[in-house]
Amino acid sequence: MPNRISMVEASELLGSYLKDRRSRLDPAALGFSSTRRRTPGLRREEVAQRANISPTWYTWLEQGRGGAPSADVLDRIARALMLTEVEREHLFLLGLGRPPEVRYQAAEGVTPRLQRVLDALELSPALVRTATWDVVAWNRAAAAVLTDYGSLPPPQRNILRLIFCDPRVRAAQFDWDSVARFVVGAFRADATRAGATAQVKALIDELCQLSADFAAMWRDYDVRTYGEGMKRLRHPTLGSIAFEYSAFAVDGRPDLGMVVYNPATAQDADRVRSLLHPGAASAPP
């Protein structure tokens, strides 16, 4: 039989985790008296008060005998204990054996460290996109080979907008219909997984008005996974060029995904190099 954690063990782990998180909070900062406390942190009844639940039941949860709490109660406790998103997820895994439902949060860009990762990929176009497929970061190779995102206003840096509404991007695809269907299916899966269905409604409505092709493909209800594969482009300067692409999750940022396009051959790498460094000698065969 698989080695699964028992309900008793899960209850004990949940209780230990609650006590640990409670001990880390500053009573004075939360409006409680800090005098005559035998242990650091909040008292159990203070956490229960902040979570608006029964002090007795919260005590039972810490003692490992409160039974399975509801998702609503765990959310209240998470707010009462001021848990981070990863701490909240851990609380749900201990209390219910599953992560909480996704709460979509719009991306605010990337960290300088992640941007440096993109910039280090000199000959590989790379970008970071949100769950709603807005491009929020890219490197120099991506700007030269794919799209000069920096020349576009932020609302226009959306991959669906570019595929369906930009004639230059459309002409660059070897098989536009296949690419467009793939993009629509992968976008639908990403937006749903991230809990961003409401956030993308305005974009979908707009694209349905602007593009009959998009409207027809959206009605097909296809879903795809991005994963990895081959990408061929008709570049206005380089001509035909091929890449192997791979998609990566950004740890700790479920709202972001990174896509890297590696030149498929040494000749493709030389073409990218010639575009980025005009006049430089090609690498020896």
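This passage describes the overall form of a predicted model and then a set of its local features.

The protein chain holds 13 helices and five strands. The radius of gyration is 25 Å, well over the 19 Å that the globule rule gives for 285 residues, so the chain is more spread out than a compact globule. The C-alpha trace spans about 75 × 45 × 45 Å along its principal axes. Of the 285 residues, 42% count as buried. Among contacts with a separation of 6 or more, 52% come from residues 24 or more positions apart. The exposed surface of the protein chain is about 16100 Å². Carbon and sulfur atoms supply 53% of that surface.

Aromatic residues come next. The count comes to 11 aromatic pairs. In one of them, the ring centres of W133 and Y226 lie 5.7 Å apart; the planes meet at 65°, over the 60 degrees required, so the pair is edge-to-face. This pair links distant parts of the chain, with the two positions 93 residues apart. W133 sits in the loop between β1 and β2 (135-138). Y226 sits in the loop between α12 (212-218) and β3 (228-235). Both W133 and Y226 are buried.

A second pair joins W138 and Y149. The ring centres of W138 and Y149 are 5.5 Å apart and the planes stand at 50°, so the pair is tilted. W138 belongs to strand β2, whereas Y149 lies in the loop between α7 (140-145) and α8 (159-165). The two residues are 11 residues apart, and the pair is again a link between distant parts of the chain. Y149 has a relative accessibility of 4%, so it counts as buried.

W133 and Y226 also belong to one aromatic cluster. The other members of this cluster are F164, W176, F182, F187, F214, W218, F243, Y245 and Y261. W176, a cluster member, has the charged end of R170 over its ring, 3.6 Å from the ring centre. The charged end of R234 sits over the ring of F174, at 4.4 Å from its centre.

Two polar residues illustrate side-chain contacts in buried positions. S124 lies in the loop between α6 (112-120) and β1 (126-130). The relative accessibility of S124 is 8%, under the 20% limit, so S124 counts as buried. The side chain of S124 makes a polar contact of 2.6 Å with the side chain of N262. Beyond residues up to four places away in sequence, S124 touches N139, A141, V260, Y261, N262 and P263. Y261 is also a member of the aromatic cluster.

E46 is found in helix α2 (residues 44-51). With a relative accessible area of 6%, E46 is buried. A polar contact of 2.6 Å joins its side chain to the side chain of R37. Neighbours within four places in sequence aside, E46 is in contact with F32 and R37. The C-alpha atoms of E46 and R98 are separated by 27 Å, and the two residues are 52 residues apart along the chain.

Helix α13 (residues 266-276) has D268, A269, D270, V272 and L276 as its buried residues. These buried residues pack against α7, β4 (239-250) and β5 (253-263). D268 is found in this helix. The relative accessible area of D268 is 5%, so this residue is buried. D268 is in contact with I241, A242 and P263, neighbours within four places in sequence left aside. P263 is also touched by S124.

Backbone angles close the description. Most residues other than glycine have a negative phi. R36 has a positive phi, near 55°. R36 lies in the loop between α1 (7-23) and α2. At 80% relative accessibility, over the 50% limit, R36 counts as exposed. N52 likewise has a positive phi, near 60°. The loop between α2 and α3 (55-62) holds N52. N52 is exposed, with a relative accessible area of 61%.

Methods. Residues numbered from 1 in each chain as written. Predicted model: local features only at pLDDT ≥ 70, side-chain atom pairs only at ≥ 80, totals over all residues. Heavy atoms only, no water. Helix = DSSP H or I, 4+ residues; strand = E, 2+ residues; numbered from the N terminus. Buried < 20%, exposed > 50% of the residue type's maximum accessible area, 1.4 Å probe, protein only. Polar contact = N/O pair within 3.5 Å; in protein donor to acceptor, adjacent residues only side chain to side chain. Contact = heavy atoms within 4.5 Å. Phe/Tyr/Trp six-rings, centres within 6.5 Å; stacked < 30°, edge-to-face > 60°. Lys NZ or Arg CZ within 6 Å of the ring centre and 35° of its normal. Rg over C-alpha atoms; globule rule 2.2 N^0.38 Å. Areas by Shrake-Rupley, 256 points an atom, 1.4 Å probe, with all protein chains shown as cover.
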